Amino acid sequence: MASTMKGAGIFLAQFAGDEAPFNTLPSIAKWAAGHGYGGIQIPAWDGRLFDLEKAASSKDYCDEVKGICAEAGVEVTELSTHLLGQLVAVHPAYDVPFDGFAPEKVHNNPKARQEWAVQQMLHAAKASRNMGLDVSVSFTGALAFPYLYPWPQRPEGLIDEAFTELAKRWKPILDAYENEGVDVAYELHPGEDVFDGATFEMFLEKLDGHKRCTINYDPSHFLLQQLDYLAFIDIYHERIKAFHVKDAEFNPDGRQGVYSGYQGWMNRAGRFRSLGDGQVDFTGIFSKLAQYDYDGWAVLEWECCLKHPEDGAAEGAPFIENHIIRVTEKAFDDFAGGSTDRAKLRAMLGIGEG
């Protein structure tokens with residue numbers, strides 16, 4: 001039977017803060033519902049909104065969270081573990097900035113930080129199941145990304161070794177998610193070792209095609225790489241289990257292109273924009289996903305360099321709702337059809353009885 005995706009949802013990471021209504025789950029859930037959202041994607045690391053360890057051990061707590069959301073008029077779409085997954089694999093070049101994603105007790109100790117992150121990912125598997133969720137969204141982390149552009153030439157085997165290690169770290173985590181019946185939908189994102197289709201295939205091969213290794217589709221990152229994000233859906237639709245609806249624009253000039261010359265977001269050739277303000281072909285995307293019966297959530301991720309977040313949030317829900325295609329259950333020309341049998345078919349072909 002044809003499937004219609006769910007939406008609109010909103011990722012709370014970019015909106016959570018220390019001021020009301022963004023500092024507690026009840027208040028931010030009501031805020032989201034007030035903007036027309038039916039779902040919220042919760043950043044699992046943000047203790048102001050969600051206690052991950054408690055959720056992993058207490059079904060009652062998870063029922064309480066779901067009750068708070070239901071009272072506000074929303075449901076939880078997925079738990080996000082982006083910052084936790086990032087710390088599963090960190091190249092030493094990024095140790096200092098990525099310490100900020102972890103508690104102070106593991107700062108300046110990459111091994112302890114990684115062990116902490118792995119444990120948090122395992123908590124998220126159990127928490128997702130206790131919440132009744134079949135998908136979680138995350139990052140892979142990165143060991144090879146500093147060697148993205150091959151100058152000087154990379155030593156033979158460097159990238160293969162990086163992906164072997166990356167898969168080695170993720171395999172037991174994915175096995176734990178398999179035990180809980182939960183997919184890990186990786187956001188393919190520059191800065192991660194897995195940032196496009198080619199790298200996803202490399203990762204998946206090292207994982208022996210692990211069932212739980214799936215994709216959180218975000219076209220904004222593909223547009224900024226100048227990747228064909230519609231063809232991507234044709235190729236990988238069976239692995240797409242989550243969807244971040246985020247817009248972007250790419251305006252190269254005589255001074256900069258994809259690499260954007262170390263400029264800040266405002267001055268880059270490639271910039272994230274609010275929905276409808278960028279260049280992403282969402283009509284094409286929603287059509288492709290409908291074609292392949294994607295039945296997950298369409299979740300706004302807002303990261304515009306220009307527009308106020310409140311305006312971006314207010315505009316996001318109707319934008320998503322207007323793009324979701326209610327998939328038809330019958331063909332447009334069914335009225336012209338009729339019953340047939342094999343004799344009629346052969347007669348139509350002029351080949352007589354056989």
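These exercises work through salt bridges, buried loop residues and helix packing in one predicted model.

Residues are numbered from 1 along each chain as its sequence is written, and side-chain values use heavy atoms, with hydrogens and water left out. Because the model is predicted, local features need pLDDT of at least 70 and side-chain atom pairs count only at pLDDT 80 or more, while totals for chains, interfaces and linings use all residues.

**Exercise 1. Salt bridges within a helix**

Task: State how many salt bridges the structure holds, then locate the pairs Lys111–Glu115 and Glu165–Arg169.

Solution.
Step 1. Fix the criterion: a salt bridge is a side-chain nitrogen of Lys or Arg within 4 Å of a carboxyl oxygen of Asp or Glu. Side chains of opposite charge can pair when their charged atoms come close.
Step 2. Take the total: the structure holds 22 salt bridges.
Step 3. Take the pair Lys111 and Glu115: their side chains meet at 2.6 Å, N to O. Both sit in helix H6 (residues 110–130), four residues apart, so about one helical turn separates them. Helices here are DSSP runs (H or I, at least four residues), strands are runs of E (at least two), and both are numbered from the N terminus.
Step 4. Check accessibility. Buried means under 20% relative accessible area, exposed over 50%, and partly exposed in between (1.4 Å probe, protein chains only). Lys111 is exposed at 56%. Glu115 is partly exposed at 46%.
Step 5. Turn to Glu165 and Arg169, whose salt bridge spans 2.8 Å, N to O. These two are four residues apart in helix H7 (residues 158–180), so about one helical turn lies between them. Glu165 is partly exposed, at 26% relative accessibility.

**Exercise 2. A salt bridge between two helices**

Task: Find which helices Lys288 and Asp234 join, and describe how those helices pack.

Solution.
Step 1. Lys288 forms a salt bridge with Asp234, with the closest N and O atoms 2.9 Å apart. The pair links distant parts of the chain: Lys288 is in helix H11 (residues 282–291), Asp234 is in helix H10 (residues 229–236), and 54 residues separate them.
Step 2. Asp234 is partly exposed, at 29% relative accessibility.
Step 3. Compare the axes, which are lines fitted to C-alpha atoms, for helices over the stretch in contact, with angles from 0 to 180 degrees between N-to-C directions. The axes of H10 and H11 come within 10 Å and cross at roughly 10°. That makes H10 roughly parallel to H11, since angles under 35 degrees count as roughly parallel, over 145 as roughly antiparallel, 65 to 115 as roughly perpendicular and the rest as oblique.
Step 4. List the contact, meaning heavy atoms within 4.5 Å. H10 contributes Tyr229, Leu230, Ile233 and Asp234; H11 contributes Gly284, Ile285, Lys288 and Leu289.
Step 5. Look at Ile233, a residue of H10. Ile233 is buried, with a relative accessible area of 0%. Beyond four places in sequence, Ile233 touches Tyr217, Ile240, Ile285, Lys288, Leu289 and Tyr292.

**Exercise 3. Glu301 in its network**

Task: Describe where Glu301 lies and what surrounds it.

Solution.
Step 1. Glu301 lies in the loop between strand E10 (297–300) and helix H12 (309–323). Glu301 is buried, at 6% relative accessible area.
Step 2. A network of salt bridges links Asp218, Lys246, Glu301 and Glu303.
Step 3. Add the polar contact (a pair of N or O atoms within 3.5 Å; within protein, one must be able to donate a hydrogen and the other to accept it, and residues adjacent in sequence count only if both atoms are side-chain atoms). The side chains of Glu301 and Gln14 make one at 3.1 Å.
Step 4. Leaving aside neighbours within four places in sequence, the contacts of Glu301 are Phe11, Gln14, Glu187, Asp218, His244, Val245 and Lys246.

**Exercise 4. H7, H8 and the loop after H8**

Task: Describe the packing of H7 and H8, then place His210.

Solution.
Step 1. The axes of H7 and helix H8 (residues 197–206) come within 9 Å and cross at roughly 60°. The two helices are therefore oblique to each other.
Step 2. Residues in this contact include Phe163 and Trp170 of H7, and Met202 and Phe203 of H8.
Step 3. His210 lies in the loop between H8 and strand E6 (213–217). His210 counts as buried, at 9% relative accessibility.
Step 4. The side chains of His210 and Asp175 make a polar contact of 2.8 Å.
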